[in-house]
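This report describes one structural model, working from single residues outward to helix packing, the core and the chain contact. The sequence and coordinates come first.

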Amino acid sequence: MKRNAWWNLLLLIPFVATLFPGFYNRLDPPLLGMPFFYWYQLVWTIGSGVLLAIFIAVTRGGASDAR
Amino acid sequence: MHASSIILIVLVLAVTVLGFAAARWRPAGSLASMDEWALGGRSFGTVISWFLIGGDLYTAYTFIAVPALAYAAGPGAFFALPYTIVAYPFGILVLTRFWSVARTRGYITAADFVRDRFGDRWLELAMAVTGVLAVLPYIALQLVGMKVVFLQLGGVFAADEGKIALAISFVLLAAYTYTSGLRAPALIAFIKDTLIYLTIICAVIAITHMFGGWAGIFDAAGKALALKPKPATLLLPPAGYFAYGSLALGSALALFIYPHSITSILSAKSRTVVQRNMALLPIYSLMLGFLALLGYAGLAAGIKTTNPQQVVPMLFAQIFPDWFAGVAYAAIVIGALVPAAIMAIGGANLFASNIFRQFSAQRDSLETRTAKILTLVICLFALLFVIFITPQYAIGFQFLGGAWILQTFPAFVIGLFTRWFNPKALLLGWAVGIVAGTYMAIQTNFTAAFPLHFGGSTLVGYGPFYALLLNLIVSIVATPLFNAAASTRGNDATSVADYA
């Protein structure tokens, strides 16, 4: 595994964060009147975009991915 | 005629003109070449690609069906969020590799790649036929989405259950797609998504204002869900966790292997454009989340309908002034036309390049002519499908299409990283996956939750996902057997450098 390939682990985070609803299937704490279950997932849409932007930046255009 | 009807007609006519004019939009070469007609000259930058891919993946049907599910069944509908969140980290690894090899070797379909990678004609055919069969009902569903709007508008639009309005829209669509190719949806996507974002922002402002913030909406929606024939709450039942996660993951893995996704990805001008879009497209997912919440707003607003698909247009009629409801309806109708055009092109590409194989050696004008005519045939087929078959079957077929396209995952996606698999084993795995996926879909009456029994326990999950696991197991087990049975395997026409 190339040194840069470790950055691929960044890409796993959104999977772990959103595919197991047992971890976020709660009402509390609400945000702006929205139960946790809902705002948590909404926040992750932007969160995963930010993670991907970081991934692109640190891998310098991803030239090193999985070759 | 209502203001909303006039605005809808004006906007649809405007995009029709735009669709034809697109033929003259930044042409680099002759539209008689496949790269120009089918892939917009492979020339789109970050912004155009963002609108095009977003307009392609987040279809009108999605805008109708996801809030409808939230209205009818509650929190399960929000699987659309993890689905459209995890699709992108997956896409950034897979699609960049595919974009590179496709650019180097001139591929226009996933089946082109599979043919070169594994040197197996039957596997190529399996990929192509699966893609065409998966995309056809998907186009039909876009018509279902449009029909919902036409029925809401009433009057001439609803004449003969909206079939006349549907036929006119689709004839226009087929004509400009034939003329301009992928440039038509690319240009129209700008209008489509501007209207969609505008509509959703206004809807969110209106509903939060009406119900005194989100707390009011969730409160009322929670009460309404409890009174449903199948009562639900604002949270998932624990027994539904696995179905939620596996449906999201299975759908995400399938999203980018659909022919229309491939078509819009390959029109990007560089690998960097593809990557940047993977980071930027989740903005659409955020919008989809708010759209799903409109289903709850429909509950809060006390909308009563036996067809949940009518919820969004009914809500728009209730919260917007008539003229702005017209803008919102136009957003949905145009939102159906963009993906339908790309799907027709994607399906036609598979037919022309991989089923009528004689063209694929050199992509000449004959191949383009064939693809253009096939686009018309595919549009016509989808139209007939919706006119003569009830929408419920279109939805069932689309579910099947999703189950089937997922079975091309091992050959296409895993094939991008390794050619360890024997092509005959992949073909066997594909066949087993298709049969198993179809069987489970019929068993569950085309719903996502299949109860898998093993040991003494039952795991309810997304059937097509189970079918994919079975497909993978068969492919893995059969590979050494096929390798032993025949000493030769097809050649790999690609080289390591092609993927960078």
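## Residues, packing and chain contact

B:Leu299 is found in helix α14 of chain B. The structure is a predicted model, and the model scores ipTM 0.90 and pTM 0.91. For chain B the average pLDDT is 88, and 95% of the residues score at least 70.

Is B:Leu299 buried or exposed? B:Leu299 is buried, because 26 other C-beta atoms lie within 10 Å, and the cut-off for burial is 20 or more. Not counting residues up to four places away in sequence, B:Leu299 touches B:Tyr71, B:Ala220, B:Ala221, B:Ala224 and B:Leu225.

B:Gly216 sits in helix α10 of chain B. B:Gly216 counts as partly exposed because it has 16 C-beta neighbours inside 10 Å, a value between the limits of 12 or fewer for exposed and 20 or more for buried. Leaving aside neighbours within four places in sequence, B:Gly216 is in contact with B:Phe211 and B:Ala300.

Each of these two residues can also be placed relative to another position in chain B, as tabulated here.

| Residue pair | Separation in sequence | C-alpha to C-alpha distance |
|---|---|---|
| B:Leu299 and B:Val17 | 282 residues | 38 Å |
| B:Gly216 and B:Phe90 | 126 residues | 37 Å |

The next topic is helix packing. Two packed helices are described by the angle between their axes and the distance between the axes. In chain B, the axes of α11(B) and helix α21 (residues 463-485) come within 8 Å and cross at roughly 65 degrees. This crossing of α11(B) and α21(B) is left-handed. On the α11(B) side the contact is made by B:Ser246, B:Leu249 and B:Gly250, and on the α21(B) side by B:Pro464, B:Phe465 and B:Leu468. By class, the contact of α11(B) with α21(B) has four nonpolar residues, two polar residues and no charged ones.

The largest nonpolar core has 208 residues. Those with the most contacts inside this core are B:Ile139, B:Ala140, B:Val333, B:Ile334 and B:Ala382. Helix α16 (residues 322-355) of chain B provides the largest share of the core, 21 residues. One of the residues with the most contacts, B:Ala140, touches B:Ala382, B:Phe385, B:Val386 and B:Ala394, again not counting residues up to four places away in sequence.

Chain A has two helices and zero strands. Of the 67 residues of chain A, 31% count as buried. Among the contacts in chain A with a separation of 6 or more, 57% are between residues 24 or more positions apart.

How many residues does each chain bring to the contact between chains A and B? Chain B brings 38 residues and chain A brings 32 residues. Five helices of chain B, namely α5 (80-105), α10 (213-226), α11 (241-255), α13 (271-280) and α14 (282-300), each supply at least two residues of the side that touches chain A. The most comes from α5(B), with nine residues. By class, the side of chain B that touches chain A divides into 30 nonpolar residues, seven polar and one charged.

Some helices met earlier recur here. The helix that holds B:Leu299, α14 of chain B, and the helix that holds B:Gly216, α10 of chain B, are among those that supply the side touching chain A. Helix α11 of chain B also supplies this side, and α11(B) crosses α21(B) at roughly 65 degrees.

Notes
Residues are numbered from 1 along each chain as its sequence is written. Chains are lettered from A and ligands numbered from 1 in the order in which they are written. This is a predicted model: local features need pLDDT of at least 70, side-chain atom pairs count only at pLDDT 80 or more; totals for chains, interfaces and linings use all residues. Two residues are in contact if their C-beta atoms, placed from the backbone, lie within 7 Å. Helices (H or I, at least four residues) and strands (E, at least two) are DSSP runs, numbered from the N terminus. Ala, Val, Leu, Ile, Met, Phe, Trp, Tyr, Cys and Pro count as nonpolar, Asp, Glu, Lys and Arg as charged, and the others, Gly among them, as polar. Axes are lines fitted to C-alpha atoms, for helices over the stretch in contact, and angles run from 0 to 180 degrees between N-to-C directions. A crossing is left-handed if the near helix is turned anticlockwise from the far one by less than a right angle, and right-handed if clockwise. A nonpolar core is a set of buried Ala, Val, Leu, Ile, Met, Phe, Trp, Tyr and Cys residues joined through C-beta atoms within 7 Å. pLDDT is the predictor's confidence in each residue, from 0 to 100.
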